[in-house]
Amino acid sequence: MRCGATLARQPSGPSDLPLALTVTAAIVFIIANTSPLMDLSAVGRTASTTIVGGAYQMWLEDEKITGVLVAFCAVIAPGSYLAFMLTLLLASRRSPAPFWISEMLRWVEHFKTWSMLEVMLLGILVALIKIAELATVDPGIGMYAVGGLVLLIPAILVTFDDRELWQRLEWVDGETPPPPDAEVSR
Amino acid sequence: MTTAALTAAQAGLVSCEACKLVSRPASATEPGFCRRCGEQLEWRRHASIETTWALVIAAAICYIPANALPVLNTTTLGSSEPDTIMGGVVFLYTSGSWPLALVVLVASVMIPLGKIVALVYLLISVQRGSIKNGHERTRLYRMVEFIGRWSMLDVFVDTFTVALVQLQPLMSVAPGAGVLFFAAVVVLTMLAAEAFDPRLLWDSANPYPSRHG
């Protein structure tokens with residue numbers, strides 16, 4: 001009061017950092033899915049693939065279920081995770097946060113479990129080394145984008161405080177949220 | 001065991017699995033819905049033991065063809081060569097990259113098997129009403145939950161090998177029947193870990209009065 005120094009700050013107020021990270025991740029995600037992961041060349045022939053291309057090739061080779069599973073874990077789950085996070089982070093800037101966010105928060109939990117980008121990255125690396133025996137393989141832009149995502153998504157998880165958001169949420173039974181200190185202690 | 005602190009369930013409180021709000025349900029047999037987020041409240045996940053058993057047994061059955069059947073079929077100039085998961089490990093080892101061979105061996109062979117064994121052990125210990133090693137068993141469950149996704153590794157390796165090596169007519173790689181079973185093992189064990197309710201591990205040590213079903 002006297003000297004103007006900050007006495008206390010809301011632990012994590014409006015969620016700006018997670019929002020910024022999510023926007024970045026969404027852009028990187030689009031790059032990762034549109035640019036080729038790697039190029040293969042052997043005796044004058046070249047081939048390249050994207051993430052979706054890999055899943056589609058599985059589909060063509062009559063392993064439809066596996067193809068769908070790969071597409072789900074590598075594209076749909078992380079993509080939906082980012083889209084939902086973006087929506088709910090934007091919506092939660094309203095006060096009190098609208099009720100339908102709670103439905104999204106629940107979905108986000110499930111997408112988080114099934115999004116396996118880091119596993120996929122390691123899988124691609126193993127595949128690269130296996131193939132390197134037979135042909136020359138060059139990692140593409142998509143590969144670096146996936147690497148970036150593998151770092152960005154945990155960063156979102158760390159900075160996003162879902163408990164704080166739950167506390168600000170509008171309750172199902174129509175009541176406005178009580179102040180945090182009135183909450184049942186855990 | 002010494003007398004433990006009063007648990008929430010003994011005090012008639014139930015915590016919401018989605019938003020973690022602790023509330024006092026109106027009736028003990030029908031906890032109803034969470035007042036904050038509308039999720040159905042449950043003392044314990046519904047039919048947790050039965051569902052987990054079913055999924056674990058299904059995973060164990062799929063584990064056998066997953067390892068016995070080829071995951072990749074390499075065709076080089078007309079001659080075809082099947083490749084199992086263990087074959088892939090051996091290939092990586094003999095081609096000089098033993099650290100990767102170890103990673104694939106752990107992720108594709110040992111983790112799925114370890115998960116099945118661990119879940120069976122947890123289920124049996126709950127059903128026998130064991131009160132020993134609660135902390136160790138909880139830690140084991142967390143490990144199963146955390147590590148589960150990594151066994152997807154081989155599915156991704158196969159997918160991208162197939163996608164890249166399409167140099168017809170010189171050489172091409174096609175997925176084998178084993179991939180489907182292997183993916184099934186991973187998905188089934190992940191679902192099984194999700195269906196299992198870790199709170200069951202503590203129920204024999206801290207019985208709560210309103211148990212039903």
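Chain A has 7 helices and 3 strands, where helices (H or I, at least four residues) and strands (E, at least two) are DSSP runs, numbered from the N terminus. Read from the N terminus, chain A goes α-β-β-α-α-α-α-β-α-α. Bear in mind that this is a predicted model: local features need pLDDT of at least 70, side-chain atom pairs count only at pLDDT 80 or more, and totals for chains, interfaces and linings use all residues. As for names, residues are numbered from 1 along each chain as its sequence is written, while chains are lettered from A and ligands numbered from 1 in the order in which they are written.

How much of chain A is buried? Of its 186 residues, 34% are. A residue is called buried if 20 or more other C-beta atoms lie within 10 Å of its own, exposed if 12 or fewer, and partly exposed in between, with C-beta atoms placed from the backbone. Now take contacts, meaning pairs of residues whose C-beta atoms, placed from the backbone, lie within 7 Å. Among those in chain A between residues at least 6 apart in sequence, 70% join residues at least 24 apart.

For one pair that is far apart in sequence, look at Ile30(A), in helix α1 (residues 16-34) of chain A. Its C-alpha sits 8.9 Å from that of Ala145(A), although 115 residues separate the two in sequence. Ile30(A) has 13 C-beta neighbours inside 10 Å, so it counts as partly exposed.

On to chain B, which has 7 helices and 6 strands. From the N terminus, the order is β-β-α-β-β-α-α-α-α-β-β-α-α. Here 36% of the 213 residues are buried, and 67% of the contacts between residues at least 6 apart in sequence join residues at least 24 apart.

Two residues of chain B make a nice pair to look at. Gln127(B) belongs to helix α3 of chain B, and with 12 other C-beta atoms within 10 Å, Gln127(B) is exposed. The C-alpha atoms of Gln127(B) and Ser204(B) are 9.5 Å apart, with their positions 77 residues apart along the chain. Gly148(B), in the loop between α4 (134-147) and α5 of chain B, is buried, with 21 other C-beta atoms within 10 Å. Beyond its neighbours within four places in sequence, Gly148(B) is in contact with Lys115(B), Thr189(B), Met190(B) and Ala193(B). There's also Ile111(B), which is 37 residues from Gly148(B) in sequence and 7.4 Å from it in space, C-alpha to C-alpha.

So where do the two chains meet? In chain B, 34 residues are in contact with 40 residues of chain A. On the chain B side, α3 (98-127), α5, β5 (166-167), β6 (171-175) and α6 each supply at least two residues, and the largest share, 10 residues, comes from α5(B). By class, that side has 25 nonpolar, 6 polar and 3 charged residues; Ala, Val, Leu, Ile, Met, Phe, Trp, Tyr, Cys and Pro count as nonpolar, Asp, Glu, Lys and Arg as charged, and the others, Gly among them, as polar.

Let's follow α5(B) across to chain A. Helix α2 (residues 51-60) of chain A packs with helix α5 (residues 153-164) of chain B at an angle of about 85 degrees, their axes 8 Å apart. Axes are lines fitted to C-alpha atoms, for helices over the stretch in contact, and angles run from 0 to 180 degrees between N-to-C directions. That makes α2(A) and α5(B) roughly perpendicular to each other, a label for angles of 65 to 115 degrees, where angles under 35 count as roughly parallel, over 145 as roughly antiparallel and the rest as oblique. Gly53(A), Gly54(A), Ala55(A), Gln57(A) and Met58(A) in α2(A) meet Thr159(B), Phe160(B), Val162(B) and Ala163(B) in α5(B). The residues of this contact divide into 5 nonpolar, 4 polar and no charged.

Which residues of α2(A) are buried? They are Ile51(A), Gly54(A), Ala55(A), Gln57(A) and Met58(A). Down the axis of α2(A), these buried residues fall within an arc of 155 degrees, so they line one face of the helix; the arc is that of the directions from the helix axis to the C-beta atoms.
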